[in-house]
Amino acid sequence: MSIIITNDDSVEKIRKAIQQATGKKNKRKISLDKYFGKVHFDEKGLEYQKRVRNEWK
């Protein structure tokens, strides 16, 4: 979405346009609890990076 601002626009008009542009986003609240936590891997991070990077060669 684009907002066109000219020199003739008042501050109130600009703020209202910005509020309308940002206020139309997803208003539905999503529970993010299922995405938080700690993942346990069988190997250390550095070992994983070295193994994966060697696969690129």
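Reader: Is I30 buried or exposed?
Author: This is a predicted model. I30 is found in the loop between α1 (11–23) and α2 (45–56). Exposed means over 50% relative accessible area, and because I30 reaches 52%, I30 counts as exposed.

Reader: Which residues form a nonpolar patch on the surface?
Author: The patch has about 500 Å² of accessible area, taking its members together. I30, the loop residue, is one of them. The members are I30, L32, Y35 and F36.

Reader: Which residue forms a salt bridge with both E43 and E55?
Author: E43 has its partner at 2.7 Å between the closest N and O atoms. For E55 the corresponding separation is 3.5 Å. E55 and its partner are 4 residues apart in helix α2, so about one helical turn separates them. The three residues are linked in a network of salt bridges, and the partner of both glutamates is R51.

Reader: Is D9, which meets K13 in a salt bridge, buried or exposed?
Author: The side chains of D9 and K13 meet at 3.4 Å, N to O. K13 counts as exposed because its relative accessibility is 52%. Buried means under 20% relative accessible area; D9 has 18%, so D9 is buried.

Reader: What share of the residues in the protein chain is buried?
Author: The chain has 57 residues, with 2 helices and 0 strands. About 6,500 Å² of the chain is exposed, and carbon and sulfur atoms supply 53% of that area. Buried residues make up 4%.

Definitions and conventions:
Residues numbered from 1 in each chain as written. Predicted model: local features only at pLDDT ≥ 70, side-chain atom pairs only at ≥ 80, totals over all residues. Heavy atoms only, no water. Patch = residues over 30% accessible without salt bridge, like charges linked within 9 Å, V, L, I, M, F, W, Y side chains within 5 Å. Areas by Shrake-Rupley, 256 points an atom, 1.4 Å probe, with all protein chains shown as cover. Salt bridge = Lys/Arg side-chain N within 4 Å of Asp/Glu carboxyl O. Buried < 20%, exposed > 50% of the residue type's maximum accessible area, 1.4 Å probe, protein only.
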